[in-house]
Amino acid sequence: MKKIVLSALFMLGFHSAAMAETYTFTPDDFTYKTVHDVAKIAPVVLDEAGKPKTVFLKIPKGNILPPHGVEKGYRVFTVISGPVFWGDGDVVDPAKEKRLPAGSVIVVPPMKGHHWVAAREGDILMQGVVVPDKTFVPAIANKIAN
């Protein structure tokens, strides 16, 4: 009897797994537009108002996304490939840049000045997410608060 029950459970689980469906995409599957004359951005997820909530950002090697700011909502970027050379301020100053390898996370608060991004060593690919408020895990929330 034990074998029959285990066999039935296995078959039910296997059947459920067979019905699962995932969809896969690569960054090249999306439509990009040029921003700041040097970078390309592609929406992945839109919010209720049709504005990008998740994006891919590509910056080719040798280009610098000039200083710019964020008006509303936090931006959370994850470096997929890089490295990214990130700087804060109104003027590009390589001496003030941070070199951020793939896997790094960057949190950009709204209305806190300007930043720039340089692709000094290779092409950059980042994924960005718009977060409307401070709904961060404690490690990030504590760093932002200080």
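**Entry 1: the second largest pocket**

I looked up the second largest pocket first and noted a volume of about 610 Å³. I recorded how a pocket is defined: on a 1 Å grid over the protein atoms alone, it is an open set of points where a 1.4 Å probe fits, with protein on both sides within 12 Å along at least five of seven lines. Grid points are joined across faces, edges and corners, and the volume is the space filled by probe spheres set on the points.

The model is predicted: local features need pLDDT of at least 70, side-chain atom pairs count only at pLDDT 80 or more, and totals for chains, interfaces and linings use all residues. Residues are numbered from 1 along each chain as its sequence is written, and side-chain values use heavy atoms, with hydrogens and water left out.

I found 19 residues in the lining of this second pocket, and D88, I106, V107, V108 and P109 lie nearest its centre. Lining residues have an atom within 4 Å of a point. Strand 6 (84-88), strand 7 (98-100), strand 8 (105-108) and helix 2 (138-145) each give two or more residues to this lining. Strand 8 gives the most, with 4 residues. Helices (H or I, at least four residues) and strands (E, at least two) are DSSP runs, numbered from the N terminus.

By class, I noted 11 nonpolar, 3 polar and 5 charged residues in the lining of the second largest pocket. Ala, Val, Leu, Ile, Met, Phe, Trp, Tyr, Cys and Pro count as nonpolar, Asp, Glu, Lys and Arg as charged, and the others, Gly among them, as polar.

**Entry 2: the largest pocket**

I then turned to the largest pocket, which holds about 930 Å³ of space. Its lining has 32 residues, and I41, P52, V70, R75 and V130 lie nearest the centre. Among the elements that give two or more residues are strand 1 (33-35), strand 2 (39-46) and strand 3 (52-59). Strand 3 supplies the largest share, 5 residues. I recorded 17 nonpolar, 7 polar and 8 charged residues in this lining.

**Entry 3: strand 8 and strand 5**

I checked the side chains along strand 8, and they alternate: I106 and V108 point to one face and are buried, while V105 and V107 point to the other and are not. Buried means under 20% relative accessible area, exposed over 50%, and partly exposed in between (1.4 Å probe, protein chains only).

Strand 8 runs antiparallel to strand 5, and 4 bridges join the two. Two strands pair if DSSP finds at least two bridges between them. I noted V108 in strand 8 as the bridge partner of R75.

F77 is found in strand 5 and is buried, with a relative accessible area of 12%. Not counting residues up to four places away in sequence, F77 touches L57, S104, V105, I106, V108, M126, Q127 and G128. Contact means heavy atoms within 4.5 Å.

**Entry 4: T54**

I located T54 in strand 3. T54 counts as buried, at 11% relative accessibility. Leaving aside neighbours within four places in sequence, its contacts include A42, P43 and Q127.

**Entry 5: an open sheet**

I traced an open sheet of 4 strands in the order 4-9-6-7, with antiparallel pairing. Strand 4 and strand 7 stand at the edges with a single partner strand each, so one side of each is left without a neighbour in the sheet. Strand 6 and strand 7 pair over 3 bridges, and F85 stands opposite R99 in strand 7.
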